[in-house]
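Reader: I am in my first year and would like a close look at a single part of this protein. Please pick one residue inside it, and show how its surroundings fit into the rest.

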Amino acid sequence: MHQTSRSQAFISYSARDASLAGAVYAYLKTNGIQAVKAPDDIPPGEDWAASITALIENSSYFVLLWTHNSMASKEVAKELTLAMSCGSRII
């Protein structure tokens with residue numbers, strides 16, 4: 001896995017909100033913001049959990065798509081906890 005820039009923004013979302021996440025991802029990238037999200041930025045064959053952890057740890061910003069679905073997601077809660085422990089700015 002490659003090292004990434006701490007100036008990037010990790011997008012956290014429920015899989016049920018994938019279309020919304022895709023729109024936010026495209027908007028940020030179009031406007032010059034280095035955005036990353038799963039599965040787009042996880043190379044094929046890489047360990048999913050380890051890759052998400054690395055993406056979060058290497059991001060300065062954590063963009064949380066706060067929806068009913070994400071509030072119910074245990075994975076989103078884990079990602080948020082990791083981002084807070086890494087000192088990411090939560091958006």
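Author: What follows takes the whole chain first, then Ile11 in strand 1 and the residues around Ile11.

The model is predicted, so local features need pLDDT of at least 70 and side-chain atom pairs count only at pLDDT 80 or more, while totals for chains, interfaces and linings use all residues. Residues are numbered from 1 along each chain as its sequence is written, and side-chain values use heavy atoms, with hydrogens and water left out.

The protein has four helices and four strands. Here helices (H or I, at least four residues) and strands (E, at least two) are DSSP runs, numbered from the N terminus. Their order along the sequence is β-α-β-α-β-α-α-β. The C-alpha trace spans about 30 × 30 × 25 Å along its principal axes. The radius of gyration, taken over C-alpha atoms, is 12 Å; this agrees with the value near 12 Å that a compact globule of 91 residues would have. That globule rule is 2.2 Å times the number of residues to the power 0.38.

Of the 91 residues, 43% count as buried. Buried means under 20% relative accessible area, exposed means over 50%, and partly exposed lies in between (1.4 Å probe, protein chains only). The protein exposes about 5,300 Å², of which carbon and sulfur atoms supply 58%. Such areas come from the Shrake-Rupley method with a 1.4 Å probe, and for residues only the protein chains shown count as cover.

Now to the chosen residue. Ile11 sits in strand 1, which runs over residues 8-12. Ile11 counts as buried because its relative accessible area is 1%. Contact means heavy atoms within 4.5 Å. With neighbours within four places in sequence left aside, Ile11 is in contact with Val24, Tyr25, Leu28, Ala35, Val36, Lys37, Val63 and Leu65. Helix 1 covers 18-30 and strand 2 covers 35-36. Contacts of this sort can link distant parts of a sequence: among those in the protein between residues at least 6 apart, 72% join residues at least 24 apart.

One partner of Ile11 is Lys37, found in the loop between strand 2 and helix 2. Is Lys37 buried or exposed? Lys37 is buried, since its relative accessible area is 5%. Beyond residues up to four places away in sequence, Lys37 touches Phe10, Ile11, Tyr13, Ala21, Gly22 and Tyr25. Pro39 lies in that loop between strand 2 and helix 2 too, and the peptide bond leading to Pro39 from Ala38 is cis, with omega near 0°.

Two residues give a contrast in exposure. Ala15, in the loop between strand 1 and helix 1, is exposed because its relative accessible area is 65%. Ile91, in the segment after strand 4 (89-90), is exposed as well, with 57%. Ile91 and Ile11 are 80 residues apart in sequence, yet their C-alpha atoms are 9.4 Å apart in space. Apart from neighbours within four places in sequence, Ile91 is in contact with Tyr61, Phe62, Val63 and Leu64. Val63 is thus listed as a contact of Ile91 and of Ile11.

Finally, the cores. A nonpolar core is a set of buried Ala, Val, Leu, Ile, Met, Phe, Trp, Tyr and Cys residues joined through side-chain atoms within 4.5 Å. The largest one has 13 residues, and those touching the most other members are Phe10, Ile42, Ile52, Leu55, Ile56, Phe62 and Leu64. Helix 2 (48-57), strand 3 (59-64) and helix 4 (74-86) each give two or more residues to this core; helix 4 supplies four, the largest share. Ile11 belongs elsewhere: a second, separate core of ten residues includes Ile11, Tyr13, Val24 and Leu28. Val24 and Leu28 are also among the contacts of Ile11. For Ile52, a member of the largest core, the contacts outside four places in sequence are Phe10, Ala38, Ile42 and Glu79.
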